[in-house]
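Let's take a walk through this structure together, starting from a single side chain and working outwards. Keep the viewer open as you read.

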Amino acid sequence: MARALELARKGIYSTHPNPRVGCVIVREGKIVGEGWHARAGEPHAEVHALRQAGDKARGATAYVTLEPCSHFGRTPPCADALISAGVSRVVAAMQDPNPDVGGHGLLRLMNAGIAVQSGVLEAEARALNKGFLKRMEKGLPYVRVKLAMSLDGRTAMASGESQWITGPEARAAVQRLRAQSSVVLTGADTVLADRARLTVRPDELGLNAELTALCVTRPPLRVLIDGRLRVPLTAPFFQEGRALVVTCAAASARVRYHEEGHEMLAMASTAGHVDLRKLLVELASRGVNDVLVEAGPRLAGAFTRLGLVDEYQIFIAGKFMGSSARPLLDLPLSHMSEAKELQIVEMRAVGNDWRVIAVPRPAPGV
């Protein structure tokens with residue numbers, strides 16, 4: 001199963017909106033077939049592994065990181081392929097989180113006389129597909145907020161200048177975060193101040209040729225939150241292909257963006273701002289698993305205040321930017337009791353910088 005998970009990770013940049021899945025087929029203690037799912041619409045991991053195994057699959061054990069599918073989507077059910085191949089045992093890391101189909105694949109295998117086991121390295125399998133799981137279980141994508149700051153917690157100079165706080169290794173790590181996301185989301189302030197494009201730059205990924213090619217074929221959707229349509233169509237952001245612009249502006253103001261090939265989505269809250277929670281629900285309905293927020297203090301702070309963040313990825317540079325520079329988040333708090341508690345789950349050096357991965361700490365009793 002550990003090998004199957006290793007294979008599944010190869011799909012981290014390309015399987016959207018599908019989960020990342022790996023499969024290993026073992027007969028008489030030897031691996032006879034391996035496979036992983038690369039792209040939606042293409043064969044699943046089990047099919048690749050069965051093709052490699054050929055006749056050796058008969059009587060073998062299949063280890064798969066997610067319950068084999070039992071329904072017809074873009075491809076036939078993998079449960080049927082395993083039955084036809086004559087495997088004698090299937091070990092799944094976890095059941096399908098889709099409440100409409102979860103357990104059906106394992107049941108179909110059992111009804112065909114195949115021994116079934118589930119729950120092997122389940123925690124690792126769930127960690128690999130956080131976004132897919134959250135979308136299936138809660139109807140929301142997994143939201144990561146990427147932040148870069150100095151040692152004194154500043155993200156930009158008072159003028160808005162912020163390039164570059166961190167070094168090339170940290171910027172490459174951010175490129176990989178973008179590439180593995182379904183959506184990269186930003187706000188008008190960031191696009192205007194940094195002339196940001198929010199694209200994936202293949203030459204900065206630091207990946208092998210195979211994974212780089214997969215990144216290029218499935219770029220993330222770029223989403224701009226621009227309530228008043230302040231970003232002009234001549235901005236670099238709009239020169240990089242289609243984008244989704246979320247706004248509160250009137251329909252007449254949105255026409256020009258439509259004409260230039262960009263999708264417009266009006267989504268105002270009662271307070272007159274873009275309704276971020278409603279936007280996340282909309283993105284999930286479109287099959288979005290993972291959202292990477294790369295924004296300034298105001299928008300990042302809004303996601304934090306609303307409790308919409310699942311994970312923070314904070315890159316820390318060894319420099320001071322001074323007391324007049326801009327803070328990490330626009331998050332006005334008056335009392336220590338209001339502080340947002342985080343659990344640090346990982347901290348490591350990235351070149352000359354540090355990366356801290358932290359998640360919101362659940363409230364007591366939750």
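Lys134 is buried in this predicted model: its relative accessible area is 15%, and the cut-off for buried is under 20%. You'll find Lys134 in helix α6. So what does Lys134 touch, leaving aside residues up to four places away in sequence? The list is Gly139, Leu140, Pro141, Tyr142 and Asp310.

Asp310 is the one to zoom in on. The side chains of Lys134 and Asp310 form a salt bridge, with N to O at 2.7 Å. Lys134 sits in α6 (residues 130-138), while Asp310 belongs to the loop between α12 (297-305) and β13 (311-317), so this pair ties together parts that are 176 residues apart in sequence. Asp310 is buried, just as Lys134 is. As a general point, side chains of opposite charge can pair when their charged atoms come close.

How many salt bridges are there in total? The count comes to 20. Another one to look at joins the side chains of Asp189 and Arg298, at 2.8 Å from N to O. Here Asp189 is in helix α8 (residues 188-194) and Arg298 is in helix α12, so the bridge ties together parts 109 residues apart in sequence. Are these two buried or exposed? Asp189 counts as partly exposed because its relative accessibility is 33%, and Arg298, at 48%, is partly exposed as well.

Next, try Arg348 and Glu346, whose side chains meet in a salt bridge of 3.1 Å, N to O. Arg348 has a relative accessible area of 47%, so it is partly exposed; Glu346, at 27%, is partly exposed too. Elsewhere, salt bridges with shared partners link Arg20, Lys130, Arg144, Asp290 and Glu311 into one network.

Now for the greasy side of things. In soluble globular proteins, nonpolar side chains tend to be buried together. In this model, the largest nonpolar core has 45 residues, and the members that touch the most others are Ile25, Leu50, Leu82, Val87, Val90 and Leu109. Take Val87: not counting residues up to four places away in sequence, Val87 touches Leu50, Ala57, Gly59, Ala60, Leu82 and Ile114. Apart from that core lies another one, of 35 residues, including Leu299, Phe303, Leu308 and Leu329.

Some strands come next. Strand β1 (residues 22-27) and strand β3 (residues 61-64) run antiparallel and are joined by four bridges, with Val26 standing opposite Thr61 in β3. β3 also pairs with strand β4 (residues 89-92), again through four bridges, and these two run parallel. On that side, Thr61 stands opposite Arg89 in β4.

Finish the tour at helix α11, residues 276-285. Which of its residues are buried? They are Leu276, Leu279, Leu280, Leu283 and Ala284. Look down the axis of α11 and these buried residues fall within an arc of 135°, so they line one face of the helix. At the N-terminal end, Asp275 acts as the cap of α11, with a side-chain oxygen 3.4 Å from the backbone nitrogen of Arg277. After α11 comes Gly287, which has a positive phi, near 90°.

Terms used. Residues numbered from 1 in each chain as written. Predicted model: local features only at pLDDT ≥ 70, side-chain atom pairs only at ≥ 80, totals over all residues. Heavy atoms only, no water. Salt bridge = Lys/Arg side-chain N within 4 Å of Asp/Glu carboxyl O. Buried < 20%, exposed > 50% of the residue type's maximum accessible area, 1.4 Å probe, protein only. Core = buried A, V, L, I, M, F, W, Y, C linked by side-chain atoms within 4.5 Å. Contact = heavy atoms within 4.5 Å. Arc of directions from axis to C-beta. Polar contact = N/O pair within 3.5 Å; in protein donor to acceptor, adjacent residues only side chain to side chain. Pairing = 2+ DSSP bridges.
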